Amino acid sequence: MEAATVFGAARPRYGERLIRALLFLAALLSILTTVGIVASLLRETVAFFGDVSLVDFLTGKEWAPLFADPKFGVWPLVNGTLLVTGIALAVAVPLGLGSAIFLSEYARPRTRRVLKPILEMLAGIPTVVFGYFALTFFTPEILRGALGVDVQIFNALSAGIVMGFMVLPTIASVAEDAMSAVPQSLREGAYGLGANRMQVSTRVVFPAALSGIVAAVILGISRAIGETMIVLIAAGQIANTGVNPAEAYETMTAFIAATGKGDVPTGSIGYKTIFAVGFALFLMTLVMNALSIRFVRRFRQVYE
Amino acid sequence: MVTTDRAPSESGVAAPAPAEQIFELRGVTVSYAGVPAVRDISLDVRAREITALIGPSGCGKSTLLRTLNRMNDLIPRARVEGSVRYHGEDLYAPGVDLVQVRRRIGMVFQKPNPFPKSIHDNVAFGPRVLGMDGDLDEIVERALRRAALWDEVKDRLKANAFGISGGQQQRLCIARALAVSPDVILMDEPCSALDPISTSRIEDLMTELKEDYSIVIVTHNMQQAARVSDRTGFFTVDPDDRAGRMVEFDVTDRIFTNPADPRTEAYVTGKVG
Ligand SMILES: Nc1ncnc2c1ncn2[C@@H]1O[C@H](COP(=O)(O)OP(=O)(O)OP(=O)(O)O)[C@@H](O)[C@H]1O
Ligand SMILES: [Mg+2]
């Protein structure tokens, strides 16, 4: 074979083109799926607001969509979601980041090699297991038994704390990855100035890994907001506008799951309600993700 | 191995004052996971001198340098045998405070490694973690001036340290080390990532700093060792056990003009690599 020029004649690279096309299809498929989901959500949501006023939905304080005299104020569901998520984060963020710092900065390599996979396995426990753990063990044995807290059998506290344990490995694992990725030279620079381990961890490694750590927390928040099984099983299904975590609450996800598996006829107002709540949930996560992306960008500017 | 006690020729006319020993190494062997990286090193580092360590890649220069501020403690399977004395005290005695060790024995690394913080906060980092008294802004300014960087950055102290040039970053790292008022500065190929102009600025700086500090520098640059250092140790890899050995330690002039060992001569004249 003779080359026409020093570089040879360019041969068409069919393999490369094929791979490119396949990758493009994969990307297209995931975009189309998302668009499809949003579109179907949107369609039913629009239909819902044909029957129910948006103002009632957003400002009403009562939620009873399936009653004879239905009430469509979504606030109790949002309240339940925020309360349980808040409790979960209060558990998962400090413990998760603490574990991440321990694994990345304190643990010997051997310890880390053992603990990290265990942690990641924990993230794979089905949430239904966490749900029954909350209902049949954590509430009666720990909260009521060991700690003597006066909680209802279905309550936000137990669901929130157990959800925190569910989210913890995700936060710990992603944050640990971010911290381990901080170059060793930065640690050496800090140790070389007489910093101790705690100072190196909190003043050098943590800020240097901040965008990854924020991403870890956001991932945790998203999982907590979207989590369904635990709240469905352990938090009760009572629309509640209070803040007492010892009481039962209904979250947006628990409502969707409970109503969806019940027999609401397609096209009925109950059916459309599911989509309206789903759309509201979608908007909440969207806004949160958008805020967090901006947050991460801002810190990028300072730290990179 | 030949060790002479003559003062460096640079210090010239006046009779040499009795040399103050900063480090005394006797029979130092450093191993990683049981494999010696550098074996049986004995040398003295004197106050207000620049001591250069030269030799081919892998002969253990960095390893030896890092034993001087116990940086090897950060590597789980590193082990130091023999005696390392700092101002006569055993640096590896149980109960030695590593924070104090590293505060007195500063280090500048091969690649500039500023923290992802502002220029000011980089220099202030050491004084802050050590809880040093005094006006922080003053400490920062003094350190930056000493590192010949002040004029270039005084208007942007709040700017991120990653935004300045590599040579400036390296001087920032020197300023950062100076801010905690060390006694010795260890430098591991501090100019290897820099252009010739930045390099010569840092060499000038080292010569200036020598008045107040003792410096130990690892370098691959023969001219640099010859230009700036007072004493030089030449290291090589022993062909039998692959561990680093010190071939010769002497005043720099001698190492470069009239070394005792033919291997040294071959290396400094560029005949081997
Ligand atoms: N963290 C480590 N773990 C295991 N072995 C190491 C480690 N650091 C260095 N070594 C080994 O120790 C020996 C000496 O390495 P060292 O970095 O001290 O050499 P050097 O003289 O500084 O080389 P260079 O000029 O390339 O920087 C080498 O064989 C190296 O592979
Ligand atoms: Mg080296």
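How many residue pairs are in polar contact between domain 1 of chain A and domain 2 of chain A? The count is one residue pair, with both residues at pLDDT 80 or more. The legends below refer to a predicted model.

**Figure 1. The interface of domain 1 and domain 2 within chain A.** The domain assignment of chain A places domain 1 at residues 14–50 and domain 2 at residues 64–299. Their C-alpha centres are 28 Å apart. In this view, eight residues of domain 1 of chain A are in contact with ten residues of domain 2 of chain A. About 840 Å² is buried between domain 1 of chain A and domain 2 of chain A, and carbon and sulfur atoms give 86% of this area. On the side of domain 1 of chain A, the most area is lost to domain 2 of chain A by A:Leu41, A:Glu44 and A:Phe48, which together account for 65% of what that side buries. Zero salt bridges are found across this interface. By class, the residues of domain 1 of chain A that touch domain 2 of chain A comprise five nonpolar, two polar and one charged.

**Figure 2. The interface of chain B and chain A.** Here 24 residues of chain B are in contact with 20 residues of chain A. The area buried between the two chains is about 1900 Å², with 64% given by carbon and sulfur atoms. Within chain B, B:Leu74, B:Pro116 and B:Val129 lose the most area to chain A, together 27% of what the side of chain B buries. One salt bridge is counted between chain B and chain A. The side chains of B:Arg66 and A:Glu188 form a salt bridge, with an N to O distance of 3.0 Å. Four residue pairs are in polar contact across the interface of chain B and chain A, both residues of each pair being at pLDDT 80 or more. At least two residues of the chain B side are supplied by each of α2 (98–104), β6 (105–108), α3 and α6 of chain B. Helix α3(B) gives the largest share, four residues. The side of chain B that touches chain A divides by class into 15 nonpolar, four polar and five charged residues.

**Figure 3. Helix α3 of chain B and its packing partners.** Helix α3(B) spans residues 119–129 and is mostly covered, nine of its eleven residues being buried. The buried residues are B:Ile119, B:His120, B:Asn122, B:Val123, B:Ala124, B:Phe125, B:Gly126, B:Pro127 and B:Val129. Their packing partners come from both chains: α7 (184–191) and α8 (197–208) of chain A, and α4 (136–146), α5 (150–153) and α6 (166–178) of chain B. One of these buried residues, B:Val129, is also among the three residues of chain B that lose the most area to chain A. Following the helix is B:Gly131, whose phi is positive, near 60 degrees.

**Figure 4. The surroundings of A:Ser158 in helix α6 of chain A.** A:Ser158 lies in helix α6 of chain A, which covers residues 156–180. With a relative accessible area of 0%, A:Ser158 is classed as buried because this value falls under the 20% cut-off. The side chain of A:Ser158 makes a polar contact with the side chain of A:Thr139, at 2.7 Å. Residues up to four places away in sequence being left aside, A:Ser158 touches A:Ala134, A:Phe138, A:Thr139 and A:Leu143.

Methods:
Residues are numbered from 1 along each chain as its sequence is written. Chains are lettered from A and ligands numbered from 1 in the order in which they are written. This is a predicted model: local features need pLDDT of at least 70, side-chain atom pairs count only at pLDDT 80 or more; totals for chains, interfaces and linings use all residues. Side-chain values use heavy atoms; hydrogens and water are left out. Buried means under 20% relative accessible area, exposed over 50%, partly exposed in between (1.4 Å probe, protein chains only). Contact means heavy atoms within 4.5 Å. Domain bounds come from an automatic or database domain assignment. Buried area is the accessible area (1.4 Å probe) that two parts lose on being put together, summed over both. A salt bridge is a side-chain nitrogen of Lys or Arg within 4 Å of a carboxyl oxygen of Asp or Glu. A polar contact is a pair of N or O atoms within 3.5 Å; within protein, one must be able to donate a hydrogen and the other to accept it, and residues adjacent in sequence count only if both atoms are side-chain atoms. Ala, Val, Leu, Ile, Met, Phe, Trp, Tyr, Cys and Pro count as nonpolar, Asp, Glu, Lys and Arg as charged, and the others, Gly among them, as polar.
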